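Hi,

Here is the structure I promised to pass on. Have a look at it first, and then read my notes underneath.

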Amino acid sequence: MRASCFEITEPDPNDDFTGDKEAQMASLFARYKKALINRANHHLGYPYNLDFDYGDLAQLQHFSINNLGDPFIESNYGVHSRQFEVGVLDWFARLWEIQKDEHWGYVTNCGTEGNLHGILVGRELFPDGILYASKESHYSVFKAARMYRMECVKVGTLVSGEIDFKAKLLANKEKPAIINVNIGTTVKGAVDDLDLVIKKLEESGFTRDRFYIHCDGALFGLMMPFIKRAPKVTFKKPIGSVSVSGHKFVGCPMPCGIQITRLEHINTLSRNVEYLASRDATIMGSRNGHAPIFLWYTISRKGCKGFQKEVQKCLRNAQYLRDCLPFAGISAMLNDLSSTIVFERPLDEDFVHKWQLACEGNIAHIVAMPNITIKKINVLLNELLQKRSTWYQNGKTNPPCIAADIGPQNCACTLHY
């Protein structure tokens, strides 16, 4: 079904006198803003932090800020924000424990670009390598395999969504391994055990010069460093790259992300570009120069202590919702270290659309982000319980069994409750 649109019409010849066009546009944007406020108030299913205020940076919107090419090498285009971008990259390098003179990276246009770049580095290092990714990896990982014409092995998972792949490795020992490790899967928020992945590689006979690990940390890659009991994602371990989204946990008005890799790997990609008077190893040419400024601004204001508080809030609110759902007879699961609550898919698609729930098969999920409050959770719960009483009131239709998706211990269907 084709999405609706605001049709573009030519200005009336007399518009300079009547001002009708300006009035129509002002009215349209007022209605659009009202619609955005409504949708933002009913936003629970996708991992975007909508709690931000960048009013101080409005003064910069008059500039076309473009970070062309390598962030660490200035080009002839002077309207850039490399100073902010490198500051952001150095902060993430410290977070993931890699020295300034050993890392390379850039602020991407989205999380997908980070995955595309990380997997590309692995492919360039091992042209005949096999990409291994769990079936619950983000779709961009499999997009990368198609784009780069890579042999890709889709690996099974545990019920939690965590990767389980030793048998697959043993079947392809003759070729290097390029591994996508999920620091929070898309639907269930499962965190692959990085240490276990490395152990499985070594047990299967893969030396460190025959594997490359990319860590897709879209959301949880930035949350885990602030959870004391969480295992570390660090370049002190034999990983090749880490990417996260900037518009998710941090919160940003435009999609963006951060990709960090080892400097020693980047020479396989980097090329001189005379037109820019720089080098380039990025996926895109032109890059949004405003995004690094927004990221720098938020990181500078909140700092590690601020992010730690927000992480704890997200985890508390996720646990609250997880506890409420089974109490109401609704199947639900919350993985350890996660703020993603998986539960039975609502029967009413209008309800799904209203609350913007992400669904897959018989399950849906809610992601507890910094802008998701207990009050908002309670509004959703009350409406869900009210609707649910009508969906299943006559006994002809029963709530779905989702034991295969979340485990029988979490399923509240008539068979498992």
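Below is what I found, going from the overall fold to the spaces inside.

One thing to keep in mind: this is a predicted model. The protein has 14 helices and 13 strands. Its C-alpha trace spans about 75 × 70 × 40 Å along the principal axes. For 417 residues, a compact globule would have a radius of gyration near 22 Å, and the protein comes out at 23 Å, so the two agree. Of those 417 residues, 54% count as buried. Taking contacts between residues at least 6 apart in sequence, 70% join residues at least 24 apart. As for the outside, the accessible surface is about 20600 Å², with 53% of that belonging to carbon and sulfur atoms.

Now the pockets. The largest one holds about 810 Å³ of space. It has 37 lining residues, and His138, Tyr139, Thr185, Thr186 and Val187 are the ones nearest its centre. Several elements give two or more residues to that lining, among them the helices α4 (111-125) and α5 (139-147) and the strands β12 (358-360) and β13 (363-367). By type, the pocket lining splits into 16 nonpolar, 14 polar and 7 charged residues.

And how many cavities of 30 Å³ or more are there? Just 1, and the space in it is about 40 Å³. Around that cavity you'll find Ile183, Val191, Asp192, Leu194, Met224, Pro231, Lys232 and Val233. That lining is 6 nonpolar and 2 charged residues, with no polar ones.

Cheers

Methods
Residues numbered from 1 in each chain as written. Predicted model: local features only at pLDDT ≥ 70, side-chain atom pairs only at ≥ 80, totals over all residues. Heavy atoms only, no water. 1 Å grid on protein atoms, 1.4 Å probe; cavity = no way out; pocket = protein on both sides within 12 Å on 5 of 7 lines; lining within 4 Å. Points joined across faces, edges and corners; volume = space filled by probe spheres on them. Nonpolar A, V, L, I, M, F, W, Y, C, P; charged D, E, K, R; others polar. Helix = DSSP H or I, 4+ residues; strand = E, 2+ residues; numbered from the N terminus. Rg over C-alpha atoms; globule rule 2.2 N^0.38 Å. Buried < 20%, exposed > 50% of the residue type's maximum accessible area, 1.4 Å probe, protein only. Contact = heavy atoms within 4.5 Å. Areas by Shrake-Rupley, 256 points an atom, 1.4 Å probe, with all protein chains shown as cover.
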